[in-house]
Amino acid sequence: MQAIPIEYYLVLSGIIFSIGTIGVITRRNAIIIFMSIELMLNSVNLTFVGFAANFGDSSGQVFVFFVMSVAAAEAAIGLAIVIALFRIKQTVNVDEINILKW
Amino acid sequence: MWNDLLMGSPVYLSAALAIIIILVDAFSGKNKSLTFYFALISLIAVGILSAYTMNMHGQPVPEGGFSNGMIAYGGISAVFDILFVIAGILTLFASQSYMRAQNVERKEFYSLILFAVCGMSTIAHANNMLILFVGIEIMSITFYIMAGFFRERFTSVEAALKYFLLGAFATGFLIYGMALIYGATGGLLDFEAIGAKMLTGNVDFLYLRIGFALLIVGLSFKVAAFPFHQWAPDVYQGAPTMATGFMSTAGKAAALAALILVTKAMLPSNFDPALISDKIIEMTDFTTDAKWLIAIISALTMLVGNISAVVQKNVKRMLAYSSVAHAGYLLMGIVSNSINGWSGIVFYSMAYMFMQIGAFVVVGIIEKNDGRMDLKDYTGLSKTNPMLAAIMGIFMFSLAGIPPFGGFPGKYMLFIAAIESGFTWLTIVAVISTIISIYFYIGLIVYMYFKDSETPMTEKFGFSKATLTLVISTIFVILLGIFPTYLIDLVKGLF
């Protein structure tokens, strides 16, 4: 069976990473920005798994588990912050959250 | 195996105590001082263990054992541990007084300090990209909570949200960089193995260049370097003042420890002359480009930080921009990529920790009533409160790098290290931006000493634990300025 070349994984993860980055920059809803960040993290996971499969080395796959658990911890904190914000200002739009300016 | 456990104990112990303190916190009910003293004793214990393991470096890291070679022992990691522990203790003292003055004392803050110290010492002890990533995340997630700690105040929550979104965004770049370096080196995560592989030049240079650039983007976010510094002023202004002091000193030092680890492994300079080949030449090209990338980031960071600080009217925001500028100075040590540069970073982050936390404690004391912290609120401080004004003056002189205070020898070491490595232009930029910075540091002193206010401050500030922080910081700023050689020699011997 012919293995899938590593470039395919990298191009796909590069595209997903770019979609995530563009989402973070263009979207204004805090939750959707956070979802875009999760997309970026998942594209990195794909890169790790692709390389690990290519080298026949499991440490890249272990790294993916750590990335996933850290992303879960980050999600917990992030949603807590968004809820704290919503209680004060009834919005999750980042354009309306700008009293700190020079 | 027990030796292995002992050598890595600052990391293991701080992690274990951070978990235990949550239980202490949960079962101690309304008793706030129990958590406080538990955090204090834990930090002191971690500090003592770090000091004990400091001289044990140089011993080979045993294969297998407790950490399987993923955690580095003693030496410079222990010095960084001590820095984090001191910053934690100073913040612990000051935050109790500060939170009481703001009428929002919550004991969770004390356990958060312990968690942050755990994350930061994990970074300093990392011998593997995985450990580095986990450490950076433990530290960052704790800082997101600390920034939003006053959860009923909009500025604090806004700071937390901005910090969280941009920090998580930066994490994406950081691990994408790690993934590409993993690919470029053919499946290596261990820093020593990566360093050995770099010396042979047997890597994929396309992945390596993109990966290294992404890693630098992610880490310069954490140190608040240009062009990724935009979050820093907002977050530092909105966060509780003591949390800002802690994040902008210990957090910056931890991010720089990570940068030292990465650049030490990935930018080797001692190539074997017998092995010169196309690969090695490409490798030296890569190191030169990488140093130039960091040098340009460093130069722009200090210029942007200092010039933006000049126009600020809010003292906390001014100190935030000055903190951005200091990230620029500290990056000079990374550019020089030598033992002199790295020990300059350690020395300067130590001195910077004392003066910046001290300055933020003064800001926190003045801020006491209705959150004022504009420059004009400091007018006539020398008359109403001569001691506080004098101490703030010392911190300002030290931040500006004027002898005989701790900031001067640190800046001097970094400037010399940059010249030694052939980046004279960077030193010239640094000197120019230091001169710009004197304008606003001395400006604050002018407000305190040479202007009379229409509404003089009448209230006196009594003795509290924050006073202890101020006294310790002042003593160390002066000691580090007058006797810098003790620390410098100690640090140089440990690399």
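**Exercise 1.** In this predicted model, decide whether Ser298(B) is buried or exposed.

*Solution.* Start with the relative accessibility of Ser298(B), which is 0%. Buried means under 20%. Ser298(B) therefore counts as buried. Next, place the residue: Ser298(B) sits in helix α12 of chain B, residues 278-310. Finally, list its contacts, leaving out residues up to four places away in sequence: Ser298(B) touches Gly328(B), Leu331(B), Met332(B) and Leu426(B).

**Exercise 2.** Find which helix gives the most residues to the largest nonpolar core.

*Solution.* Take the core as a whole: the largest one has 216 residues. Residues with the most contacts inside this core include Phe63(A), Phe84(B) and Met178(B). Now the helix: α7 of chain B, residues 154-184, gives the most, with 20 residues. A second, separate core has five residues, among them Met7(B), Met56(B), Ile71(B) and Tyr73(B). Then look at Phe63(A). Beyond four places in sequence, Phe63(A) touches Phe48(A) and also residues of chain B, including Met129(B), Phe133(B), Ile175(B) and Met178(B).

**Exercise 3.** Work out why chain A is described as more spread out than a compact globule.

*Solution.* Begin with secondary structure: chain A has three helices and zero strands. Compare two values next. The radius of gyration of chain A is 17 Å, while the globule rule gives 13 Å for 102 residues. The 17 Å is well over the rule, so chain A is more spread out than a compact globule. Add the spans: the C-alpha trace of chain A covers about 55 × 25 × 25 Å along its principal axes. Close with burial: 41% of the 102 residues of chain A count as buried.

Conventions: Residues are numbered from 1 along each chain as its sequence is written. Chains are lettered from A and ligands numbered from 1 in the order in which they are written. This is a predicted model: local features need pLDDT of at least 70, side-chain atom pairs count only at pLDDT 80 or more; totals for chains, interfaces and linings use all residues. Side-chain values use heavy atoms; hydrogens and water are left out. Helices (H or I, at least four residues) and strands (E, at least two) are DSSP runs, numbered from the N terminus. Buried means under 20% relative accessible area, exposed over 50%, partly exposed in between (1.4 Å probe, protein chains only). Contact means heavy atoms within 4.5 Å. A nonpolar core is a set of buried Ala, Val, Leu, Ile, Met, Phe, Trp, Tyr and Cys residues joined through side-chain atoms within 4.5 Å. The radius of gyration is taken over C-alpha atoms; the globule rule is 2.2 Å times the number of residues to the power 0.38.
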